[in-house]
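Dear colleague,

Please find below the structure that I promised to hand over to you. After it I have written out, step by step, what was found in it, so that you can follow along on your own screen.

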Amino acid sequence: MSETEKKTPAQDSSVILELKDIKKYYPITSGFFRKVVGHVKAVDGVSLFVRRGETLGLVGESGCGKTTLGKCIVRLHRPTGGELRYRFGDEFSDLLTLDKKESFEARKRIQMVFQDPYSSLNPSKTIFTAFDEPLRIHGMADPKERKDKIADLLQRVNLRPDYMYRYPHEFSGGQRQRICIARALCVNPEMVVCDEPVSALDVSIQAQVMNLMKDLQQEMNLTYIFIAHDLSVVEYMSSRIAVMYLGKVMELADSRELYRNPQNPYTEALFSAVPIPDITKQKQRIVLEGDVPSPANPPSGCAFHPRCRKCQEICKREAPQLRPLRSNPDHFVACHLCDTVDPSETPASGGTPKA
């Protein structure tokens, strides 16, 4: 591996966001005095990076920590530990250490689209009010300028400008989600965290919304973090994909590479469930035995070892680190059974970008 291939995210100008050992633990309390007796480890040491203009997909079973990680990135939840480093110009700054004024400015750069379009909009306020308030708060003082901005945003998501005077109940689910996407874009963000933005929609509407998001990404040079459990949706939308299990990243690679050559046994099992649109071909389904362990009491060693068909003794004792494959430095796997690079041979960054 050459020196140029060992660039850290801070040295790579294409990297806009870096997560270093992000944790989010929720306390478990008991008794009259609500004494803390344990923690639910929703996100447990996630390290990865996101390049400007790409779409990073987050996939995994329900309860694996995808949504919690997304909310930590936009700071709706404050991480228990770790660093959330964002690029402001030429410098990286930890979003968790910013003061009130700096944090206010930073919030414009990262927005979020939520899963349920029916609860994302206030039913007692018009669409105009939902857009007008954030625009006014973030410095757009001229009422006419705000109105023109709202009309332009609605047109970008294929809705008529006069719809701004309607209430949320007057729209279908697909229209509401397009409104939510437009609202997220009203303060000109650089990154949008999309938390299962199409899962509540009909299949025919899903395709329209995904194509719209891709078009907007090209027009506005947006960076997406796309959270979903539908693997076909993630494959269509994502440049790279991170597979999560029990609060940890198990595998991280380019979308095509991951679907073609999954390395972690959990990723193999997950992708074996994706149906093939060809009745002449059959896929060998890998059925996982047992249930997902509780994040309040995770197993020792590898989090997946109680359900892994390839489990060995080392898997029960030691937790594997996310490391690049020897054969592909852009493919990261957390598994003792894969041929990964030893940490002494490469910088440990939870996904060091290749130049």
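**Two sheets, their helices and the cores**

In this model, which is predicted rather than determined by experiment, eight strands form an open sheet with mixed pairing, and their order across the sheet is β6-β7-β8-β3-β9-β10-β12-β11. The edges of this sheet are β6 (110–113) and β11 (323–324), each of which pairs on one side only. Within the sheet, β9 (residues 240–245) and β10 (residues 248–254) run antiparallel and are joined by six bridges, and if you look for Ala242 you will find that its bridge partner in β10 is Leu252.

Two helices lie across parts of this sheet. Helix α5 lies across β6 and β7 (191–195), running at about 170° to β6, while helix α6 (residues 203–220) lies across β3 (55–59), β7 and β8 (223–227), at about 155° to β8.

The largest nonpolar core has 56 residues, and those with the most contacts inside it are Phe131, Met213, Leu216 and Tyr224. Helix α5 (residues 173–185) gives the most to this core, namely six residues. Among the residues that Tyr224 touches, leaving aside those up to four places away in sequence, are Val192, Cys194, Met213 and Leu216.

Helix α4 (residues 143–156) is a good place to check a length for yourself: at 1.5 Å a residue its 14 residues should span 20 Å, and because its end C-alpha atoms are 20 Å apart, the two values agree. At its start, a side-chain oxygen of Asp142 comes to within 3.1 Å of the backbone nitrogen of Lys144, and the helix is followed by Asn158, which has a positive phi near 65°. The buried residues of α4 are Arg146, Lys149, Ile150, Ala151, Leu153 and Leu154, and they pack against α3 (127–137) and α5.

The other sheet to look at is an open one of four strands, with antiparallel pairing and the order β2-β1-β4-β5. Its edge strands are β2 (35–51) and β5 (91–94), and its neighbouring strands are turned by 25° against each other on average, direction ignored. Strand β1 (residues 15–30) pairs with β2 over 13 bridges, and Ser30 stands opposite Lys35 in β2. Helix α1 (residues 66–73) packs on this sheet, where it touches β1, β2 and β4 (81–88), and its direction makes about 115° with that of β1.

With kind regards

Definitions and conventions
Residues numbered from 1 in each chain as written. Predicted model: local features only at pLDDT ≥ 70, side-chain atom pairs only at ≥ 80, totals over all residues. Heavy atoms only, no water. Core = buried A, V, L, I, M, F, W, Y, C linked by side-chain atoms within 4.5 Å. Buried < 20%, exposed > 50% of the residue type's maximum accessible area, 1.4 Å probe, protein only. Contact = heavy atoms within 4.5 Å. Pairing = 2+ DSSP bridges. Axes fitted to C-alpha atoms, helices over the stretch in contact; angles between N-to-C directions. Expected span 1.5 Å × (residues − 1). Polar contact = N/O pair within 3.5 Å; in protein donor to acceptor, adjacent residues only side chain to side chain.
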